[in-house]
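Biologist: Please show me the model and take me through it one question at a time.

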Amino acid sequence: VTQIRTKHVLGYCDPWSVVVGERVSLHVSSERSDEFHLEIVRVEGDIDDVDSSERPIPHPASGTYPAHARDLPSGSYAVISDSPAWDLRDGWELSLFIKPTTPDLGKPQAIVSRGAGDHGLWLGMLSDGRIALRLGDRVLAAATPLRGYAWYSVVARWSDRHDGSLSVRPVGRWSERPQETSGRSRYEPAAGPILLAAAIGDDGTVGQHFNGCLARVELNDAGGRLIGSWDMSADHQSALLPGGGSAKQAAHLVNAPTRSIPGPSWDGTVHAPSQDPAHYDAVHFHVDDLEDAGWPADVSIETDVLKSGVYAARLTSAGETTTVPFFVRSPRDRRRPLAFLASTASYLAYGNSSMPTTSPIDEISSQSTPLLGPIAATLAQRADVAPSLYDVHTDGSPSYVVSRRRPILNHTTRGYRWVLGADLDIIALLERSNIEYDVITDEDVHREGADALAGYRCVLTGAHPEYISTEMWDGLVDFLGHGGRLVYLGGNGFYWRVSHPADRPWLMECRRAEIGARYTEADMGSYYHQFGGQYGGLWRNVGRRPQELVGVGMAGDGWDDGAPYWFNDEARDPRVSFIVDGIDLDQPLGAHGKFGKGGGAAGAEIDRADFALGTPPHAVIVASSGPHSASYFQAPEETSFLHAANSGDVAPMLRADLVFFETPGGGAVVSTGSIAWAASLPTNHYDNDVARLTRNVIQRFIDAEPFTAPW
Amino acid sequence: VREFKDSALAEEFRRAPRGEHSPRLSRLLTMMQATPVAGKTAWVLGEDGAYWLARIPTEPRTTLALVSGPFEDTEGDVQAIASFEERWQAVFGEAAP
């Protein structure tokens, strides 16, 4: 019997995107060797041709470095600095609300702790799901385990007569009996910080993380005076919980626990924290939250010798190779006419997804037993890499917040034709066609808005620009309103709203409210983002429909094979002659490709035009796809009721539309409305109808000659 | 799903694991695919360079356990039948007839 092949060389770059001249820090862990070799490679080709697509760049950072095996410090908690105010030798009362989400985790979980190991104060869950108060060496435990996902009011007391007590009362009617326990306890205050949702072990490391929600944590002295409290209803964007009571010591949240969630008083009368913060006074901690791996930087990569493009730090250690991508932008005064907008928000959203081993959808879609390569096998077995936006946490709750400051194993330039791996087909087309381009990223547009796009005549999206922040949307609208040209080379784009906190741009949040094609959904009452307070979910449902921006919006998805497009009569309109130049309009378009077993340029997730949903009235629907298979289904938001005609073989609305329209100021948009489009570019060495049409559009869109709208 | 615990369906699959199946076998395969992932098997690559079937743990993101192998690839009929028999065991709680 052998061992399962997994990844042992992990790394991440910070930041993901820099302007030429700025530095990228590289953070590496290698478990099987005490050194790693680094090459800086420019990524110029698709994933099927690694040898030629990763071009090593002569670079001063290339070389051999010492390697270390590094842990990931996952698990969120709150830390409150040490203070004499916590000593309270005359007695104290600690009260709070808890909602354990894995009470029977099989190992202890700390809820409130002060002092290391068996000293000091520890309130938490025992391995069997009972709540217990440990004072020094005495444990006062409730008699029966708590229920998962139920709120409880907990009061722990200690008096200077060495009496300890623990009271647990369920919140709500018709639930279980309250539990009380008490006993003599020889307790001495231990110096050190107070931790919520974790404890410091004998070795000084933070552990015993807690899966669950806490609210209204208050510490009173023996006379009933409030010494410390931590306001979980205030400023949900912040990593600080304001401190109340006489101590006024704030709590610092570590590893980005989830906020803007209903607290014990939530009764459904409000749905936004801004409506009544008192209903949203809880924090949900997870054992697998991870904001920042915090590994020391092994290399600081200079970029002044690089030109704009997609790059990777290629790490080799103990015979294993790992590529860690990063993106280099041009300075403002050296921008080329064309920019490829790397969908970094999508790359991050999918980061470390373990869907094949957590959801049957993968097997149903592929109709075959999943194959877990080394990356997927690693993700299947490690919770410490933190979940993607497609996963649930280990307690089953949805994942809303993800970070790029951690190794993201499937954010790679190899072997995975999805997100970045799919976008490399577009990069390869540009390289092979000798079309000069810059690379910019979603995060740049989010941070800088239209400034990130200024100077470009044409912007190309990737195959799946699914996640868009309000700032990104505004930036693209501004760009298009001033003569910019946009080529949306993907499907299921401009779909979910995301947000980033300004002071922690490495974090991204998405809450899948109400409806949409989604593997996980936001919990009831949790539809508003903690970062910025905006309502989450589909752009279609928050007043900005993708059809208004790019002419098409999500129609549905399927995973067996794609279908070709067929040209409509409108394809002969002189306004679009530049698009179809040299292409036979009587033949199917894109009846080939690398998506599925049989290809088809319209596949995976596809978007359609709809004038009622905002497709501009002067838009030309150049081509439409079909027939799709019975394995395709309409997106949930496309139908109010499920029935036998929702599948791709019979639903007329389930198609990809190739759309063109002009914008004010001489700009224009072309949208292909299909994720699989990019996977049809490589056919016949990038010499085919899909590649030709794409080149036609790019060549015209980088031409200064303005477009004229037909009105 | 019990109505599909039919040795004729197992025989049909073993006879021709690939390509078109009868409507009843197709339904059974889809139902097998749709059951929860925990406890099912997936293909993994071994350090020996071969492919193995491994059991997906009940607790997410914990250890995969090898259950059968080695196989040279995942595409052959023998491999498909091995995977089918694992699914049969998971769905019906007994070995495929």
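Modeller: Helices (H or I, at least four residues) and strands (E, at least two) are DSSP runs, numbered from the N terminus. This is a predicted model, in which local features need pLDDT of at least 70 and side-chain atom pairs count only at pLDDT 80 or more, while totals for chains, interfaces and linings use all residues; side-chain values use heavy atoms, with hydrogens and water left out. Residues are numbered from 1 along each chain as its sequence is written, and chains are lettered from A and ligands numbered from 1 in the order in which they are written.

Biologist: In which strand of chain A does Arg216(A) lie?

Modeller: Arg216(A) has a positive phi of about 50° although it is not a glycine. At 28% relative accessibility, this residue counts as partly exposed (buried is under 20% relative accessible area, exposed over 50%, partly exposed in between, with a 1.4 Å probe and protein chains only). Its place in chain A is strand S19 (residues 212-221).

Biologist: Is Leu88(A) buried or exposed?

Modeller: Leu88(A) sits in the loop between strand S7 (77-80) and strand S8 (91-100) of chain A. Its phi is near 45°, a positive value in a residue other than glycine. The relative accessible area of Leu88(A) is 14%, so Leu88(A) is buried.

Biologist: What separates the C-alpha atoms of Gly533(A) and Ser274(A)?

Modeller: Gly533(A) belongs to the loop between strand S37 (507-509) and helix H8 (546-550) of chain A. With a relative accessible area of 42%, Gly533(A) is partly exposed. Gly533(A) and Ser274(A) are 259 residues apart along the chain, but the separation of their C-alpha atoms is 7.7 Å.

Biologist: Against which strand do the buried residues of H4(A) pack?

Modeller: Helix H4 (residues 374-381) of chain A has these buried residues: Ala377(A), Thr378(A), Leu379(A) and Ala380(A). Contact means heavy atoms within 4.5 Å. The buried residues of H4(A) pack against a strand of chain A, namely S30 (371-372).

Biologist: What is the omega of the cis peptide bond between Gly69(B) and Pro70(B)?

Modeller: Pro70(B) is part of strand S3 (residues 65-71) of chain B. In chain A, a cis peptide bond joins Asp14(A) and Pro15(A), with omega about -5°, and Pro15(A) is in the loop between strand S1 (9-14) and strand S2 (17-19). For the cis bond from Gly69(B) to Pro70(B), omega is near 0°.

Biologist: What is the radius of gyration of chain A?

Modeller: Chain A has eleven helices and 44 strands. The globule rule (2.2 Å times the number of residues to the power 0.38, with the radius of gyration taken over C-alpha atoms) gives 27 Å for 711 residues, and the value for chain A is close to that, so chain A is as compact as a globular protein of that length. The radius of gyration of chain A is 28 Å.

Biologist: What share of the 711 residues of chain A counts as buried?

Modeller: The C-alpha atoms of chain A fill a box of roughly 90 × 60 × 55 Å along the principal axes. Among contacts in chain A with a separation of 6 or more, residues 24 or more positions apart account for 72%. The buried share of chain A is 64%.

Biologist: Which pattern does chain B follow along the sequence?

Modeller: The secondary structure of chain B is made up of three helices and three strands. The C-alpha atoms of chain B fill a box of roughly 40 × 30 × 20 Å, taken along the principal axes, and buried residues make up 42% of its 97 residues. Read along the sequence, the pattern of chain B is α-α-β-β-β-α.

Biologist: Where in chain B is confidence highest?

Modeller: The score used here is pLDDT, the predictor's confidence in each residue, from 0 to 100. Chain B averages a pLDDT of 93, and 100% of the residues score at least 70. Confidence in chain B is lowest in helix H3 (residues 77-92), at a mean of 91, and highest, at 96, in helix H1 (residues 7-15).

Biologist: What ipTM does the predictor give the complex?

Modeller: Two scores are given for the complex by the predictor. The pTM is 0.97, and the ipTM is 0.94.
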